[in-house]
Amino acid sequence: MDDTKDQNASPTGGKEVRQVTLLEHLTELRNRLLRCFVGIGVGFLISYAFAERLLGVLLEPLARVLPEGTGLIALTLPEKFFTVMKLAFVAGIFVASPYIFYELWRFVGPGLYREERRMVIPAALASAIFFVCGALFGYYVVFPFGFKFFVDYASDLVTIMPTVGDYFSLAVTLLIAFGLIFNLPVVIFFLARMGVVTNKSLRKFRRWAVLLAFVAAAILTPTPDAINQLLMAGPIIILYEVGIWVAYFVGKKRDKAAGKTPPVPEETPPAPEKTPGREDATPGEPR
């Protein structure tokens, strides 16, 4: 045990906490990252066995709207091979996402209160679930509208012949964008737990949040039409409203745990009544 100890009561139950040096922090961060890479590697091996099927599933939204007799092409010999490898790597990240979030939360766990450290596993699972739900929303809702817009935009003089690599980059970018967007309530939850935001501050920022939602939708969506932008801006606004309610319940619970009550004004003693005509009475003199 190191000689340097914090003698103050800690949030973990009043035990002595050993001060950790910067080198120990970096060493632990390195170990956590290595474990994350190992988890991604295991997810990659699992996903690579189904990579061809996954590629078929990923191509299906575009294949449905392409003209009959056309399909995706590969401009170079190894293009499809490397696309399959990259798809297996991305799928491995999705598979290992609960473990990755768990390791990251374990790294910041020692700096949290005991009650907050109990939520490491639920937070990791919630982040992974919301991430996957956002990707599924993009795949089943946004992809059909967006790709149909591109295909219908082509004229008789232009033949749509997308490459496998370009389609993969576009599809993965959208999937990750929707996955991150759907984690907005989780982010607001922990910001509210730390006291960074409150439901009142989020309500005041609502107008700007709606504006930023449409700006983000205009940047991230591949099509300039209003329908696809609404399909991305709409979930952002809804999730922001959900985050406001999350911050409300978190703040209510935190105030209750802290035992906060409205301040009661102190009663001031009434001023002594003065007898008319005796304002000049000296102390001790009967009135």
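Trainee: How many helices and strands are there in the protein?
Mentor: There are 10 helices and 2 strands. Keep in mind that this is a predicted model.

Trainee: Okay, and in what order do the elements run from the N terminus?
Mentor: The order is β-β-α-α-α-α-α-α-α-α-α-α, so to speak: strands at the start, then helices.

Trainee: What share of the residues counts as buried?
Mentor: Of the 287 residues, 32% do. The protein exposes about 19,100 Å², and carbon and sulfur atoms supply 67% of that area.

Trainee: Changing topic: which residues form the nonpolar patch on the surface?
Mentor: Leu22, Leu26, Leu29, Leu33, Leu34, Phe37 and Leu104 form it, with about 670 Å² of accessible area together.

Trainee: Which helix gives the most to that patch?
Mentor: Helix 1, residues 22-48, with 6 residues. Phe37 is found in helix 1.

Trainee: Why is Phe37 called exposed?
Mentor: Because its relative accessible area is 57%, and exposed means over 50%.

Trainee: Now helix 9. Which of Ala209 and Trp208 is buried, and which is exposed?
Mentor: Ala209 is buried, along with Ala213 and Ala217. Trp208 is exposed on the other side of helix 9, and Arg207 and Ile219 are exposed there too.

Trainee: Where do the buried residues of helix 9 fall, seen down its axis?
Mentor: They fall within an arc of 75°, so they line one face of the helix. In general, an α-helix has 3.6 residues a turn, so residues three or four places apart point the same way.

Trainee: And how far does helix 9 reach?
Mentor: Its 15 residues, 206-220, reach 21 Å from first C-alpha to last, close to the 21 Å expected at 1.5 Å a residue.

Terms used
Residues are numbered from 1 along each chain as its sequence is written. This is a predicted model: local features need pLDDT of at least 70, side-chain atom pairs count only at pLDDT 80 or more; totals for chains, interfaces and linings use all residues. Side-chain values use heavy atoms; hydrogens and water are left out. Helices (H or I, at least four residues) and strands (E, at least two) are DSSP runs, numbered from the N terminus. Buried means under 20% relative accessible area, exposed over 50%, partly exposed in between (1.4 Å probe, protein chains only). Accessible areas come from the Shrake-Rupley method with a 1.4 Å probe; for residues, only the protein chains shown count as cover. Patches are made of residues with over 30% relative accessible area and no salt bridge: like charges are joined within 9 Å, nonpolar side chains (Val, Leu, Ile, Met, Phe, Trp, Tyr) within 5 Å. A salt bridge is a side-chain nitrogen of Lys or Arg within 4 Å of a carboxyl oxygen of Asp or Glu. The expected span of a helix is 1.5 Å times one less than its number of residues. The arc is that of the directions from the helix axis to the C-beta atoms.
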